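Reader: I would like a close look at a single helix of this model, with its end, its surroundings and the terms used to describe them. Please take it slowly and give the cut-offs as you go.

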Amino acid sequence: MLCLAGCQSGQLQVVSLKVEMQENPQGVSTPSPRFSWQITSPGVDLRQQSYRIQVASSEEDLKKEKNLLWDSGIASGDESILIPYEGGKLSSGKAYYWRVKVATNQGETAWSAINHWSTALLDSTDWRAKWIGQDTMSNPGETNKGNTRLAARYLRKPFHAEKKVERAVLYISGLGAYEAYLNGKRVSDDVLAPTVSWYPEKVYYNVYDVTPLIGKGDNLLGVKLGNGRYFGMRESPTMIFGLPRLLAQLNIEYADGSTDTIVSDESWRVTSKGPIVANNEFDGEEYDARLELPDWNTAKYDDTEWLQADIMEAPGGKLTAQPNPNITVQDEITPVHITRLSDGRFILDMGQNMVGWLNINLKGKQGQPVTMRFAETLNADSTLYTANLRSAKVTDVYIPAKDGAFRWEPSFVFHGFRFVEIAGLDEQPSLSDFTGKVIYDRMQTTGRFETSNELIDQLFKNAYWGIRSNYRGMPTDCPQRDERQGWLGDRVTGCFGEAFVFDNALLYAKWLQDIEDSQSPEGDISDVSPRYWTIYDKDVTWPAAYFYAAKMLWRQYGDMEPVKRHYASMKRFLEHIQQVSMQDYILTKDTYGDWCMPPESQELIHSQDPSRKTAGAILSTTMYYSLLNLMQEFAGITGNQADIAGYKELAAKIKDAYNQRFFNTDSALYDNNTVTANILSLRLGLVPEGYEEKVFENIVRKTEVDFDGHVSTGVLGIQHLMRGLTEYGRVDLAYKIATNETYPSWGYMINKGATTIWELWNGDTADPAMNSGNHVMLLGDLLIWYYEDLAGIKNAPGSIAYKQLLMEPVFPDGLSHVKASYHSVYGEIKSEWRKEDGSFSWDIVIPGNTSAVVKLPKSLNIAQPEGAGVRNVKETESGIEIELGSGTYRLVNRG
Ligand code: BGC
């Protein structure tokens with residue numbers, strides 16, 4: 001055994017300082033923001049013993065330890081994530097500075113670098129701005145009926161900064177979406193801001209420190225307003241809340257201590273006669289360069305032809321500082337191929353199904369529109385396949401103001417596409433004239449995954465692109481057709497898998513708020529939240545995401561806040577459902593079934609074969625049962641212990657009634673013996689004791705005999721399939737399913753050219769009416785299985801946020817190498833194993849201030865480890881169990 005310590009470089013230090021899970025965030029609204037950090041050292045088994053945090057309102061004070069707002073003193077313990085501020089009351093709209101140092105078993109760190117955050121406007125009276133806009137539709141063709149159409153609004157306000165500016169902060173919301181400029185410069189690279197919300201309940205505003213953008217003398221604050229979801233894309237079934245509107249307040253502090261405030265009000269000027277003549281998230285953006293307003297967002301522009309801004313009604317919801325980062329351009333790709341069609345149009349292939357838009361650098365003719373249409377696939381004759389986009393026109397148009405070169409990209413739309421058709425060009429463009437801008441919420445990529453199997457790796461890439469394609473301030477179902485909604489059912493278990501690949505903590509925490517804001521007065525949860533489509537169906541399986549995502553945030557990130565904040569609403573939902581749809585302890589109501597299971601014939605969207613379908617009562621009863629179990633945990637951590645007995649009792653009665661009604665004890669199967677019915681019952685804990693193995697045998701038999709080792713489940717069953725098969729000893733079957741290339745399988749999608757994940761297993765042949773090429777719901781628990789089982793990176797039982805790891809990879813035949821990494825809140829975890837020709841090695845990295853129990857089977861014949869960091873070694877019946885402190889290790893087999 002080689003136990004290589006000392007591979008971490010540098011010295012003992014505190015890094016990755018965060019407030020409310022962000023680096024130096026602006027506009028934090030909680031009265032007690034939470035601090036997190038990571039610790040690293042060159043040595044192994046690093047443990048924090050105490051910490052000390054200091055907070056002040058200036059860097060100087062902090063350095064001199066003067067006027068501290070908070071000095072935690074030496075707080076003993078190993079907590080290093082989400083430690084709440086406990087100092088004096090924080091003021092509205094102020095900047096705060098903080099630092100931390102820790103003592104460890106390897107000595108003390110120096111003070112960390114000084115980091116900062118700023119508070120939001122904490123009191124509603126801090127707002128003096130009014131909602132403004134243009135309250136008319138004054139351009140030809142504009143309508144709020146049918147497919148809506150409306151030009152962007154341009155708003156401007158000149159102001160004079162008398163003296164040297166010390167600090168200037170912009171508080172801004174623009175519904176549906178805005179872009180703000182100071183003296184012609186964008187205040188940030190955020191796009192499509194603010195984040196979506198259920199506007200009647202909540203309106204989010206953003207906070208930007210704009211100090212460097214303001215000069216002494218004449219200044220200009222300019223804002224472009226787009227429609228977003230506020231002036232919705234369709235009169236129905238999406239929603240139209242009203243015409244776009246802006247709320248902006250610029251608070252300026254001068255060096256001499258005096259202040260000034262610029263607010264949106266009737267003194268602003270507005271026009272809708274600018275170049276963005278239409279913007280609709282489904283249909284695209286139209287830009288007429290002949291209508292450009294050169295320098296409109298600078299002080300020198302003459303706006304006498306513009307109108308006085310109208311005062312608009314407030315959107316209704318509570319004005320709230322946005323807790324999650326906005327969308328930005330997160331990646332750029334260049335196309336891989338251009339084809340010229342016989343009629344002179346061009347087809348561009350981006351080589352990847354992506355979401356965002358195209359930046360074009362082309363030559364045009366005055367007044368001759370350049371039209372771009374976007375789609376995921378092509379017809380056999382190389383033209384765009386648009387049938388699956390339904391009514392979404394997905395068309396951007398640019399009209400040049402003069403002959404010659406121009407560069408353009410849209411402001412208020414995005415598209416889900418791999419192919420672009422371009423019409424209106426006289427010259428053949430080249431690949432480098434185009435850049436695909438990939439947009440999604442600003443977040444860190446946390447996971448990398450590679451193996452010896454190409455298909456497993458490609459599938460990870462497809463999942464990665466599918467997930468980033470569908471984060472838009474909410475997790476959406478799809479990015480391309482006339483839908484793009486926060487469908488709950490698509491994310492119930494998927495959100496855990498996604499969390500290995502992306503730091504989705506703030507996105508999901510915000511989405512839970514959308515779900516609560518969309519809850520009905522009776523307690524029902526809308527299957528789509530924010531409820532731009534309001535669907536109160538008394539379902540269980542889709543609303544379950546509310547509970548599961550809260551659990552994910554707690555388990556994956558250690559954030560207990562969502563559970564606390566939503567406990568009462570979750571309870572209300574469960575009580576409501578119990579009242580309206582529980583009969584004799586069976587939950588009777590279910591709308592979607594085991595959605596998108598592989599149908600018997602390749603043209604169908606939904607199976608018609610009763611033997612393949614799982615009864616709705618099975619789905620809702622098993623899921624409801626699992627929610628009662630989750631609530632017992634949640635009650636425990638939220639101080640609602642008194643509720644636990646009630647949940648327990650109800651769960652026990654449901655389990656009894658369910659088994660009486662659906663369980664066939666002779667053959668150990670549920671109802672019509674679908675894999676979904678059996679695996680949900682098994683994994684969610686409803687199978688009577690002693691029958692587990694037998695139920696599992698039925699799952700295996702059904703899969704192997706009736707489906708030839710292929711998946712037979714839809715989005716419900718797939719949430720447990722890979723883990724279920726592995727847990728009960730059939731990792732080989734799970735691996736077969738993951739690497740199948742024949743229908744139905746993920747590999748089949750890939751062989752048919754998918755670069756993301758399809759909505760349907762038969763996405764190449766099914767009816768286009770419901771056939772997206774970029775849905776994530778069929779991933780089920782695949783990514784969890786990649787990380788927890790293939791790589792062996794798991795929370796130990798009872799551990800939160802990987803404070804204690806259980807590292808226990810599985811080794812399916814045919815897989816000889818796995819290399820995975822995951823940036824947990826404590827730092828990067830790595831697992832890389834290789835198993836070839838009788839030799840085995842495993843390199844692992846365990847972050848500072850965490851530990852791991854590592855388990856390997858006897859068959860690997862692992863050499864006894866020793867040395868620093870090895871806390872304990874146990875040889876057990878089944879293999880070896882090693883307890884390790886943080887550090888870098890290599891385990892190998894005996895000769
Ligand atoms: C959406 C799904 C969603 C489903 C619910 C579809 O149209 O795209 O992802 O969960 O409807 O029925």
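Author: Helix α2 is mostly covered, with 13 of its 16 residues buried, where buried means under 20% relative accessible area, exposed over 50% and partly exposed in between, for a 1.4 Å probe and protein chains only. The model is a predicted one, in which local features need pLDDT of at least 70 and side-chain atom pairs count only at pLDDT 80 or more, while totals for chains, interfaces and linings use all residues. Residues are numbered from 1 along each chain as its sequence is written, and side-chain values use heavy atoms, with hydrogens and water left out.

Helices here are DSSP runs of H or I with at least four residues, strands are runs of E with at least two, and both are numbered from the N terminus. α2 covers residues 454–469, and its span from first C-alpha to last is 22 Å, close to the 22 Å expected at 1.5 Å a residue; the expected span is 1.5 Å times one less than the number of residues.

At the N-terminal end of α2, asparagine 453 acts as the cap, a side-chain oxygen lying 2.7 Å from the backbone nitrogen of leucine 455.

α2 also belongs to the surroundings of helix α12, since it is among the elements that cover the buried residues of α12, together with α10 (692–706), α11 (718–727), α13 (746–751) and α14 (782–790). Helix α12 (residues 731–739) is itself mostly covered, with seven of its nine residues buried, including Val731, Leu733, Tyr735 and Ile737.

Note on methods. Polar contact = N/O pair within 3.5 Å; in protein donor to acceptor, adjacent residues only side chain to side chain. Contact = heavy atoms within 4.5 Å.
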